Amino acid sequence: MPNRFSNLPNRRAIIDRRAIADRLAELPAGNTSDLRQASARMLKDALDAGRAEIMRRFEEHPTRGLEAAAGQAFLTDQLLRLLWDFTVQRLYPNNNPTAAERMTLIAVGGYGRGEMAPHSDIDIGFLSPWKRTGWCEQVIESMLYSLWDMGLKVGHSSRSLDEMIRMAKSDVTVRTALLEGRYVWGDTELYDEASRRFRLEVQSDTRGFIAEKLAERDQRHRKMGDSRYVVEPNVKEGKGGLRDLHTLFWIAKDAYGVQRAAELVEKGLLTRQEYRRFHRAENFLWAVRCHLHRMAGRAEDRLTFDMQREIAARMAYADRPGKLAVERFMQFYFLQAKTVGDLTGVFLAHLDETFAARGRRFGLPFIRRSPRKLHGFVLDRGRLALPRDDFFREDPVRLIELFSLADLHGVEVHPLAMRAASRDAKLVDDYRRDKRANALFLDLLTSPRDPETVLRWMNEAGVFGRFVPDFGRVVAQMQFDMYHHYTVDEHTIRAVGLLSRIDRGLLKDEHPIATALFPQIVSRRALYVAVLLHDIAKGRGGDHSILGAEVAERLCPRLGLSPAETETVAWLVRWHLLMSATAFKRDLSDFKTILDFAATVASPQRLMMLMVLTIVDIRAVGPGTWNGWKRQLIGDLYEAAEEVLRRGHKQRGRGERVAAKQDALAQALGWDAAAFRKLVKNLPESYWVAEPADVLERNARLIQGADGRRLSVDAQPDAELGATLVTIYAADHPGIFYRIAGAIHAAGGNIIDARIHTTREGMALDNFLVQDPLGRPFDDPGQLDRLKSAIGDALLNRARITERLKAKPLPRARAEAFQIEPAVLIDNHASNRFTVVEVNARDRPALLYHLANALFQSKVTIHSAHVATYGERAVDTFYVTDLIGDKIDATVRMRTLERRLLEAATEGPLAEAA
């Protein structure tokens, strides 16, 4: 029995090879085809029984991933041996084989390692000494047909020894697969000869192999998002996943002749403690992968949201106060992914010492500077290293100083120094209040160089979370939603990096206002600390903004901030969501919105800092979360609030702004005075306040082009906003808004904002911002034509919207994995003129249409609609009045409105539109 499976308990319960061999021997003789099919059916039964036993054990012990993976490989070994023997003894017997008819069967790839998930491919190779004979080809073909009849996915090759060597030398993928080659059955002398030649003729170029595997790894990381903290990770291919462990093992096998992971300790590549961490991470990742395959019923390696919740339950994770079971499971997942990264760094350091003593280091640049003031640290080929192993124990503040010096001099930390920092990180516990340590940390956080990279190193070493225990609580913590792309610690470090780039003027084209304001911010370091702490209290239960402000009040004095700076940081953390919530969920043309926001901010300095914090917070959520529309809303809110704070809480300037817009429009249009006066007189003041100059011009030209027609539709993509402006000029009538919304949804569009106006002549002038399902503008001419046609049909009653939506539903996203209870908030204080209705619900196709229809059924007039989407959660806000223009304040009517909106927000069949 191979040592590889010696730890697998009660192997005979999985498959009893002797018993099955006896049953195969009892099959009556017949023609070759019938006999092969009969043997395949018997082996298929054995396969199913073996898999059932492996899964039974796995369900009893759902964390034993390596045991389950080894069980699958063991079962495959036994089946292949039975099939081989039956094929060469009963189907194609050859009692006197020639030397050319010797053949051996090897396992390669993951199967060669002795690790297989339930639906992994079976990678095998047939080796012969020279060109294959007719008998060899008969045996290979028969075995493959039998394996396919058993329902197995087989990756196979058949080569002579010379072909094997030639292919391995020319193709690194083949070399990698053969590196893990393992004898299964057949001619043992031939296998030994193949192993000897591979070792002597192929493994001589170890340095080139290492370089190729590391380049391959880096390319794979970039493809998968280049972070081990993405919230839907790929367990096999993602950063910190199984493939990274495999890469480490391949290199160790090629460079050091390691056959089993445990030998990494004997070779001095890992300590015993590090090997235990390696084994735990590998076992956990294999358990997750086996659960994924089992649940999906196919090869599936992406840990999607719906899978996460189910696997957490299967692995017996439970909810804790402030943290769901699925969040606890994913936090442990990310900690194991971090372990993989730590061990890879240590391993590469050994490689570097062994194979790159002369010349360029693996994947690392030359360092041309030689800093002198290293405070006892030393440089090892351009990397910051320790002079002796007990250097941190002599003065634990050096754990902070290590990273501070790396930032100051722009050098990398040596992996062995990272290993020592990780080992000794606990020593910093007693130095959290040390003034020098806190000063070094604050200097690093507010560095004018690249604090993001060095803070990430500090986090990887475990020093960050030890020195700031509140940060340690959010390390590897995911948020179970579709909005956040990264764990809390990774999101925070990315936000600090974005802040630094704005500070250094590197993002002035994307954020001109924030870049221009930065020099005016009095306390730079208060802003940096606020960005660090804005999400520090997530996962504690309760409002993380309020709890985070309490953390800030406690932590800031320790870091050396003044009382005034501490107060500012606590305020910023407390209100860090205020600006985005106001900009995205409220009507900025309603002056009460601006007054309420400005009253909370109360200070131009706070306003500047809050805007910059809001920008970096949104951008650090993940790719695609920041766009031109959000940039415009945040900018508009900042300018309006800044004017209020500068000029006082009076609505001065509104009339001047309207007059300035009208003057600019008159110049742009070039109309005669009478025609322009008619346009101005026809449109209410709220229209002139709400719409920007470019929209005013487009609307005016649409009205002019309508030339008395009762319906005109225009759609113009706006690349800067990342959306398409759709304008409808039509005879106003009850229900027009929901009909337009339904038509846009039926044409494949998502509405992100809507401003509804009624002229004094009774015409509706409605502006919608529309994106496609991927968050891009509608810019294809065919799309735009379909959009206009759908709106025209809906308003002219040429098609029933409900039927169109049923016939062409938009794709339902992964939002189904999340439970969100819909909520309706009706607020009569947020606006002086309107009742503000906010609906929180799970995002789904045509949600806005359903809500607008419910408002129509409730005899409510919509004046504006604002749509914000946070992953699977949608927040739709409506500014409404009753049919005569008054607020809705009667209790009975408010309850009826709430009930109808809750019904509309709850998923179900499409309600018939009236």
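In this predicted model, Asp876 is in contact with Val837, Glu838, Val839, Leu847, Leu848, Leu851, His866, Val867 and Ala868, leaving aside its neighbours within four places in sequence. Asp876 lies in strand 15, which covers residues 873-882. With a relative accessible area of 3%, Asp876 falls under the 20% cut-off and is therefore buried.

Burial can also be followed through the nonpolar cores. The largest nonpolar core holds 209 residues, and those with the most contacts inside it are Leu303, Phe329, Phe403, Phe441, Leu533 and Val569. Helix 4 (residues 65-91) gives the largest share of this core, with 15 residues. A second, separate core contains 51 residues, including Ile736, Val770, Ala854 and Ile862.

Leu303 offers a good place to look around the largest core. Not counting residues up to four places away in sequence, Leu303 touches Val231, Glu232, Pro233, Val235, Val288, Leu292, Gln308, Ile311, Phe329, Met330 and Tyr333. Leu533, also listed among the residues with the most contacts inside the core, is one of the buried residues of helix 25. The others are Ala526, Leu527, Tyr528, Val529, Ala530, Val531 and Leu532. Because eight of its 10 residues are buried, helix 25 (residues 524-533) is largely enclosed by the rest of the structure.

Phe403 leads to a pair of packed helices. Helix 17 (residues 398-409) packs against helix 18 (residues 415-424) at an angle of about 145°, and their axes are 10 Å apart. The crossing of these two helices is left-handed. On the side of helix 17, the contact is made by Leu399, Leu402 and Phe403, while helix 18 contributes Ala417, Met418, Ala421 and Asp424. Six of these contact residues are nonpolar, none is polar and one is charged.

Helix 13 (residues 272-296) lends itself to a simple check of length. At 1.5 Å a residue, its 25 residues should span 36 Å, and the end C-alpha atoms are 36 Å apart, so the two values agree. Just after helix 13, Gly297 takes a positive phi of about 70°.

Positive phi values also appear in residues other than glycine. Ala316 has a phi near 65° and sits in the loop between helix 14 (305-314) and helix 15 (325-355). Its relative accessibility is 65%, so Ala316 counts as exposed. For Ala602, phi is near 70°, and this residue is found in the loop between helix 29 (591-601) and helix 30 (604-619). Ala602 counts as exposed because its relative accessibility is 55%, where exposed means over 50%.

Notes. Residues are numbered from 1 along each chain as its sequence is written. This is a predicted model: local features need pLDDT of at least 70, side-chain atom pairs count only at pLDDT 80 or more; totals for chains, interfaces and linings use all residues. Side-chain values use heavy atoms; hydrogens and water are left out. A nonpolar core is a set of buried Ala, Val, Leu, Ile, Met, Phe, Trp, Tyr and Cys residues joined through side-chain atoms within 4.5 Å. Buried means under 20% relative accessible area, exposed over 50%, partly exposed in between (1.4 Å probe, protein chains only). Helices (H or I, at least four residues) and strands (E, at least two) are DSSP runs, numbered from the N terminus. Contact means heavy atoms within 4.5 Å. The expected span of a helix is 1.5 Å times one less than its number of residues. Axes are lines fitted to C-alpha atoms, for helices over the stretch in contact, and angles run from 0 to 180 degrees between N-to-C directions. A crossing is left-handed if the near helix is turned anticlockwise from the far one by less than a right angle, and right-handed if clockwise. Ala, Val, Leu, Ile, Met, Phe, Trp, Tyr, Cys and Pro count as nonpolar, Asp, Glu, Lys and Arg as charged, and the others, Gly among them, as polar.
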